[in-house]
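Trainee: Please take a close look at the charged side chains in this one, and walk me through what they are doing.

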Amino acid sequence: QVQLVQSGGGYVQAGGSLRLSCVASSASIFRVDSMAWYRQAPGEQRELVASISGSGNTNYLDSVKGRFTISANNARDAVSLQMDNLKPEDTAVYYCSGKIRTAIYVTRDYWGQGTQVTVSP
């Protein structure tokens with residue numbers, strides 16, 4: 001079973017910065033196709049914040065462009081999200097996610113445990 005373990009998060013004032021990290025266990029990993037960060041505020045749907053593909057291409061939610069940066073190691077089994085100039089509307093539980101192949105023709109999505117990010121006005 002692949003596990004994604006998150007660290008980081010916390011409480012900051014608007015304009016501050018936080019860095020989230022996520023590490024996937026490697027025992028059963030054949031290939032990591034992509035990694036991503038999602039967030040979910042209370043009463044809201046979970047939304048994709050940023051993603052990075054196997055080729056290194058990145059994609060961002062429009063509202064975080066220019067403020068957030070996603071990065072990963074070469075194997076893409078470790079991913080970080082640098083969050084700068086945080087805004088109150090960024091407040092949510094953040095989850096890392098990986099699309100991971102554990103065997104030929106077997107690919108599944110795995111999720112971290114989530115971490116709270118709270119930005120005060």
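Mentor: Let's start with the salt bridges, then turn to an arginine without one, and finish with a sheet. This is a predicted model, so to speak of local features we need pLDDT of at least 70, and side-chain atom pairs count only at pLDDT 80 or more, while totals for chains, interfaces and linings use all residues. Numbering starts from 1 along each chain as its sequence is written, and side-chain values use heavy atoms, with hydrogens and water left out.

The count comes to 5 salt bridges (a Lys or Arg side-chain nitrogen within 4 Å of an Asp or Glu carboxyl oxygen). Take D90 and R67: their closest N and O atoms sit 2.8 Å apart. That pair ties together distant parts of the chain, with D90 in the loop between β8 (78-83) and β9, R67 in the loop between β6 (58-60) and β7, and the two positions 23 residues apart (strands are DSSP E runs of at least two residues, numbered from the N terminus). Both D90 and R67 are buried (under 20% relative accessible area with a 1.4 Å probe, protein chains only; exposed is over 50%, partly exposed in between).

Now add R39, which bridges to E47 with the closest N and O atoms 2.9 Å apart. R39 counts as buried because its relative accessible area is 5%, whereas E47 is partly exposed because its value is 31%. Put these together and you have a salt-bridge network linking R39, E47, R67 and D90.

For another setting, look at D62 and K65: they also form a salt bridge, at 3.0 Å between the closest N and O atoms, but here both residues are exposed.

Then there's R101, in strand β9 (residues 92-103). R101 is buried yet has no salt bridge, and the nearest side chain of opposite charge, D33, is 4.1 Å away. What R101 does have is a side-chain polar contact with the side chain of T107, at 3.2 Å (N or O atoms within 3.5 Å, one able to donate a hydrogen and the other to accept it). Beyond its neighbours within four places in sequence, R101 is in contact with S28, I29, F30, R31, D33, V106 and T107 (heavy atoms within 4.5 Å).

Last, the sheet: β7 and β8 belong to an open, antiparallel one of 4 strands, ordered β1-β3-β8-β7 (pairing takes at least two DSSP bridges). Its edge strands are β1 (4-7) and β7 (68-72), each paired on one side only. Between β1 and β3 (residues 18-24) there are 4 bridges, and V5 has V23 as its bridge partner in β3.

Technical notes
Lys, Arg positive; Asp, Glu negative; His and termini not counted.
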